[in-house]
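Hi,

Here is the structure I promised to pass on. Have a look at it first, then read my notes underneath.

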Amino acid sequence: MWGSPTAPPPLPPGPTTVMSEGTKTIVEAMKAHGVRKVVACLSAFLLWDPQKVLPRLLPITEDHIRMHRIPQDSGLDCVSVMPPHIAEELPLTRDYSVSVGAPGPFRVISTRDLGHFLLRCLRSAQFHGQSVHVSPALRRGAALIPRECRD
């Protein structure tokens, strides 16, 4: 049933360009107003290999891939941040790992640590032009994430 907390909303039929067209508009506006830096927070989940995606999710995945390419190809100073699941209930630790082009060791990060990293990207040129994954750092004996969220 539509609107039920247990039933997801229906997916739009066929191809979509909502995300990529919106991103294109944002990039054009940034260029028009001289804004050079963009830090995009994108779902790593939606950048899976299209051959491994369920057919009903393929149009959304394809548009997400287009959306990811637009700022990367724009000539702007762009960082694409690919977090795992974002959890509001986890604390700020400032202790996370960053990897280029490959997911980190965990499937969840706190909202606060993600925000901390996004601000770090805005203040630095360290990751310009790259797609980076951020996740809690591995520390022996530390319980950084709830047991139910661990791999």
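Let's start with Thr23: is this residue buried or exposed? Its relative accessibility is 13%, and buried means under 20%, so Thr23 counts as buried. Keep in mind that this is a predicted model, so that value, like the others below, is computed from predicted atoms. Thr23 sits in helix 1, and if you skip residues up to four places away in sequence, Thr23 touches Met67, Ile70 and Pro71.

Now zoom out to the helix around Thr23. Helix 1 covers residues 18–32, which is 15 residues, and at 1.5 Å a residue these should span 21 Å; the C-alpha atoms at its ends are 21 Å apart, so the two agree. Its buried residues are Ser20, Thr23, Val27 and Met30. Around the axis they take up an arc of only 85°, which means that they are on the same side of helix 1. What do these buried residues pack against? Their partners are strand 1 (37–41) and helix 2 (58–72). Turn to the other side of helix 1 and you'll find Val18, Glu28 and Ala32, which are exposed. Just after the helix comes Gly34, with a positive phi of about 75°.

Next, the sheet. Strands of a sheet pair through backbone hydrogen bonds, either parallel or antiparallel. Here four strands make an open sheet, in the order 1-2-6-4, and the pairing is mixed. Strand 1 and strand 4 (96–100) are the edge strands, as each of them pairs on one side only. From one strand to the next, the twist averages 25°. If you want a pair to look at, try strand 1 and strand 2: they pair in the parallel sense over five bridges. Lys37, for example, has Asp77 in strand 2 as its bridge partner. Helix 3 lies across strand 1, strand 2, strand 4 and strand 6, and runs at about 160° to strand 1.

On to the inside. Which residues make up the largest nonpolar core? There are 10 in all: Val79, Val81, Tyr96, Ile109, Leu114, Phe117, Cys121, Phe127, Val132 and Val134. Strand 2 (77–82), helix 3 (111–123) and strand 6 (130–136) each give at least two residues to this core, and helix 3 has the largest share, with three. There is also a second, separate core of six residues, including Val27, Met30, Ile70 and Leu76. You've met two of those names already: Val27 and Met30 are among the buried residues of helix 1.

Val134, from the largest core, is a good one to click on. Apart from neighbours within four places in sequence, Val134 is in contact with Val81, Met82, Pro83, Pro84, Tyr96, Ser97, Val98, Ile109, Leu114 and Phe117.

Last one: Gln130, in strand 6. At 25% relative accessibility, Gln130 counts as partly exposed, because buried would need under 20% and exposed over 50%. Its contacts, again without neighbours within four places in sequence, are Gln72, Cys78, Val79, Ser80 and Val100. How far apart are the C-alpha atoms of Gln130 and Gln72? They are separated by 8.0 Å, although the two residues are 58 residues apart along the chain.

Cheers

Definitions and conventions
Residues are numbered from 1 along each chain as its sequence is written. This is a predicted model: local features need pLDDT of at least 70, side-chain atom pairs count only at pLDDT 80 or more; totals for chains, interfaces and linings use all residues. Side-chain values use heavy atoms; hydrogens and water are left out. A nonpolar core is a set of buried Ala, Val, Leu, Ile, Met, Phe, Trp, Tyr and Cys residues joined through side-chain atoms within 4.5 Å. Buried means under 20% relative accessible area, exposed over 50%, partly exposed in between (1.4 Å probe, protein chains only). Contact means heavy atoms within 4.5 Å. The expected span of a helix is 1.5 Å times one less than its number of residues. The arc is that of the directions from the helix axis to the C-beta atoms. Two strands pair if DSSP finds at least two bridges between them. Axes are lines fitted to C-alpha atoms, for helices over the stretch in contact, and angles run from 0 to 180 degrees between N-to-C directions.
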